Amino acid sequence: MTKFAVRKNAQGKLEILDRIRKKYVLCTDEEKVRQMTILYLTETLNVPMSSIAVETEIKVNNLPKRTDLIVFNSKMKPALIVECKAPSVKISQDVFDQIARYNLTLQVNHLMVTNGVEQYFCYLDFEKQSYQFILELPDWSAF
């Protein structure tokens with residue numbers, strides 16, 4: 001398993017290296033979950049780091065919002081949205097509503113919500129106007 005690079009900044013606060021953004025960021029509980037999720041995506045689902053966008057701004061009803069992670073498929077079309085929460089944050093309907101709002105703009109077929117303790121995966125079928133919770137996400141090549 002890949003180790004995470006951490007350091008203390010000039011103010012003495014812990015920072016963690018974000019391998020996607022290639023910079024150190026404040027090591028919050030949510031950021032730890034985001035970095036663990038990036039590891040899962042790259043090492044388990046074989047997602048190339050170049051196909052992951054971190055904290056991307058999107059417009060939802062003309063309001064700026066920021067997604068935690070977007071995974072793009074081999075054609076560079078958005079394929080997965082990931083919402084990360086700190087372990088202390090319960091995965092609730094509000095969290096699912098949040099990621100569903102993001103998907104109004106992105107229209108991806110896969111969603112993931114995690115707090116590092118619990119993970120939920122969802123597949124959306126726009127043609128049938130249905131969704132289903134799934135046990136795991138497919139390998140990146142299937143996106």
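# Exercises on a predicted model

At 5% relative accessibility, Val 95 counts as buried (buried means under 20% relative accessible area, exposed over 50%, partly exposed in between, with a 1.4 Å probe and protein chains only). The model is predicted: local features need pLDDT of at least 70, side-chain atom pairs count only at pLDDT 80 or more, and totals for chains, interfaces and linings use all residues. Residues are numbered from 1 along each chain as its sequence is written, and side-chain values use heavy atoms, with hydrogens and water left out.

## Exercise 1

Place Val 95 in its element and list its contacts beyond four places in sequence.

Step 1. Val 95 sits in helix H2, residues 93-106 (helices, H or I, of at least four residues and strands, E, of at least two are DSSP runs, numbered from the N terminus).

Step 2. With neighbours within four places in sequence set aside, Val 95 is in contact with Glu 83, Lys 85, Lys 90 and Val 113 (contact means heavy atoms within 4.5 Å).

Step 3. From C-alpha to C-alpha, Val 95 and Leu 106 are 17 Å apart, and eleven residues separate them in sequence.

## Exercise 2

Describe the largest nonpolar core and the elements that give two or more residues to it.

Step 1. A nonpolar core is a set of buried Ala, Val, Leu, Ile, Met, Phe, Trp, Tyr and Cys residues joined through side-chain atoms within 4.5 Å. In the largest one, of 19 residues, those touching the most other members are Leu 41, Val 47, Ile 52, Leu 69, Val 71, Leu 80 and Val 82.

Step 2. Two or more residues each come from helix H1 (29-43), strand E4 (52-60), strand E5 (63-72) and strand E6 (78-84). E6 gives the most, with four residues.

Step 3. A second, separate core has 16 residues, among them Ile 58, Ile 81, Ile 99 and Leu 106.

Step 4. Beyond four places in sequence, the contacts of Leu 80 include Leu 41, Leu 69, Val 71, His 110 and Phe 143.

## Exercise 3

For Lys 22 and Gln 129, give phi, location and exposure.

Step 1. Most residues other than glycine have a negative phi. Lys 22, not a glycine, has a positive phi of about 55°, and Gln 129, also not a glycine, has one of about 50°.

Step 2. Lys 22 is in the loop between strand E2 (14-18) and strand E3 (23-26). Gln 129 is in the loop between strand E8 (119-125) and E9.

Step 3. Lys 22 is exposed at 70% relative accessibility, and Gln 129 is exposed at 76%.
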